[in-house]
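Visitor: I am new to this structure and should like to be guided through it. May I put some questions once it is shown?

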Amino acid sequence: MAERSEYVPGTPSWVDLGSPDTGASAAFYGGLFGWKADIDPRPESGGYGMFTLDGKNVAGLGPRMNPDMPPFWAVYITVADADDTVAKATAAGGTAVMPPMDVLDAGCMAVLKDSVGSFVSIWQPNQHIGAQLVNQAGTFTWNELATTDLPAANAFYQAVFGWGVMDGASSENGTIFTVDGNVTCGAHRAGPGEFPSWSVWFAVDDCDQSASLATELGASVLMPPTDMDFGRGAVVRDPEGAIFGIGAMKSIAAAS
């Protein structure tokens, strides 16, 4: 389903970019995905804005808040009650890096560190549901956790978000998570040199062409286009340093 008006709690629903140069990032992603950047002019917004495609919100863009951290794409999971979710995360061995905070009239967010040490954000929606378009070219379609302790990560996310595990598609090296029986995201054991974190994948029509375009726009391709189970994918570092995946999907079932 491409256009969304709501998300079932436990579903990844939003991604945003913290950039040291939002103007440069707007130009790069506009060139790569056809996004338009609409920055909120209100001082209280802190320079945060929306990337839109066909007039629909598809991702967020804002200044990097911590100069000691590299630019990165953050993943948000919809929850019914942010305070309750933080309590569950703490009980499961996680940490509230940023406690629940109202974001104007958009909703309430918090930032967690899971029991293994990776960051993940939560979103209790009000006026902003998250991405209005998903699972089509130029929108996010998959989120994957690389972790150094897969069993511990599995236990944490199942306890906090009530995720199920897809039978027959999960192993000691990887997990496919479900919400109400629907595939929603995944996790795998981090490989040598792989930073343990959540990653964001965006759908494209032609992976090779998009990887080439990203390079022309100043990005570097960390993993060249490769045939995978889901289709053909590549990993890209944007000109400001944020890493993301692109994929031409055989079938798209996530972010839904």
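The conversation below concerns a predicted model.

Visitor: In what order do the eight strands of the open sheet lie?
Guide: The sheet is open and its pairing is mixed. Its eight strands follow the order β10-β11-β12-β9-β13-β16-β15-β14.

Visitor: Which strands stand at the edges of this sheet?
Guide: A strand at the edge has a single partner strand, so one side of it is left without a neighbour in the sheet. The strands placed in this way are β10 (164-165) and β14 (220-228).

Visitor: Which residue of β11 stands opposite Val 165?
Guide: Strand β11 covers residues 174-179, and two bridges join β10 to it. The two strands run antiparallel. Opposite Val 165 in β11 stands Phe 177.

Visitor: At about what angle does helix α1 run to β16?
Guide: Helix α1 comprises residues 22-33 and lies across β13 (198-203) and β16 (243-249). With respect to β16, the helix runs at about 10°.

Visitor: Which helix gives the most to the largest nonpolar core?
Guide: The largest nonpolar core has 64 residues, and Trp 35, Trp 73 and Phe 244 have the most contacts inside it. Six residues of this core come from one helix, residues 150-161, which gives the most: α3.

Visitor: Which tryptophan is in contact with Phe 244?
Guide: Neighbours within four places in sequence are left aside here. The contacts of Phe 244 then include Phe 28, Tyr 29, Leu 32 and Phe 33, and also Val 200 and Phe 202. The tryptophan in contact with Phe 244 is Trp 73.

Visitor: Within what arc do the buried residues of α4 fall?
Guide: Helix α4 (residues 207-216) has the buried residues Cys 207, Ser 210, Ala 211 and Ala 214. Seen down the axis of α4, they line one face of the helix, because they fall within an arc of 100°.

Visitor: Which exposed residues does the face of α4 turned away from its buried side carry?
Guide: The buried residues of α4 are covered by elements including α1, β14, β15 (231-237) and β16. The face turned away from that buried side carries the exposed residues Gln 209 and Glu 216.

Visitor: Is Ser 45 buried or exposed?
Guide: Ser 45 lies in the loop between β2 (36-39) and β3 (49-53). A polar atom of its side chain lies 2.7 Å from the backbone oxygen of Arg 42. Since residues under 20% relative accessible area count as buried, Ser 45, at 14% relative accessibility, is buried.

Conventions: Residues are numbered from 1 along each chain as its sequence is written. This is a predicted model: local features need pLDDT of at least 70, side-chain atom pairs count only at pLDDT 80 or more; totals for chains, interfaces and linings use all residues. Side-chain values use heavy atoms; hydrogens and water are left out. Helices (H or I, at least four residues) and strands (E, at least two) are DSSP runs, numbered from the N terminus. Buried means under 20% relative accessible area, exposed over 50%, partly exposed in between (1.4 Å probe, protein chains only). A polar contact is a pair of N or O atoms within 3.5 Å; within protein, one must be able to donate a hydrogen and the other to accept it, and residues adjacent in sequence count only if both atoms are side-chain atoms. A nonpolar core is a set of buried Ala, Val, Leu, Ile, Met, Phe, Trp, Tyr and Cys residues joined through side-chain atoms within 4.5 Å. Contact means heavy atoms within 4.5 Å. Two strands pair if DSSP finds at least two bridges between them. Axes are lines fitted to C-alpha atoms, for helices over the stretch in contact, and angles run from 0 to 180 degrees between N-to-C directions. The arc is that of the directions from the helix axis to the C-beta atoms.
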